[in-house]
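This report introduces a protein structure to a reader who has not met it before. The overall build is described first, and selected parts follow.

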Amino acid sequence: NVPASDCRNFEAILGQEATSDGYYYAEGKGSLGHVFTALNSDWNNGDIVWDLRKAQEWQSRFMNANGAWTWNVRRGSGSDRSIILEADLQFLKDVYNELDVMP
């Protein structure tokens, strides 16, 4: 089980940066480059596996290459299922606070 933050996944960043406009084309149709990655060691569960600097750098670079980035986070259970767990929420706030994304 390779964590999402593993350097082997950096190829996604390089691939996105190699696009001319953020889209991948096949048979005349474009698809926006998009990363949907786990913040934690397991999907919807586990410990945060990213360090803040790497999360900020990878997301910034991907978005500056006109791509989209979505984090999978832990949530509560039962009636709190729609609530992001505090540690994950705080980490994402810290990431977003320091993103270096061009408008």
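Buried residues, those under 20% relative accessible area with a 1.4 Å probe and protein chains only, make up 34% of the 103 residues in the protein. The model is predicted, so local features need pLDDT of at least 70 and side-chain atom pairs pLDDT 80 or more, while totals for chains, interfaces and linings use all residues. Residues are numbered from 1 along each chain as its sequence is written, and side-chain values use heavy atoms, without hydrogens and water.

The protein has three helices and six strands, taken as DSSP runs (helices H or I, at least four residues; strands E, at least two) numbered from the N terminus. Their order from the N terminus is α-β-β-β-β-β-α-β-α. Among contacts (heavy atoms within 4.5 Å) between residues at least 6 apart in sequence, 64% join residues at least 24 apart.

Helix α3 has 12 residues and reaches 16 Å from its first C-alpha to its last. Its buried residues are Asp-88, Phe-91, Leu-92 and Val-95. Seen down the helix axis, these fall within an arc of 95 degrees (taken from the directions from the axis to the C-beta atoms), so they line one face of α3. On the other side, Glu-86 and Asn-97 are exposed, that is, over 50% relative accessible area.

The cover over the buried residues of α3 includes the following elements.

| Element | Residues |
|---|---|
| β4 | residues 40–42 |
| β5 | residues 45–48 |
| α2 | residues 52–64 |
| β6 | residues 68–72 |

Elsewhere, Tyr-25 is found in strand β1 (residues 23–26) and counts as exposed at 53% relative accessibility.

Technical notes: Expected span 1.5 Å × (residues − 1).
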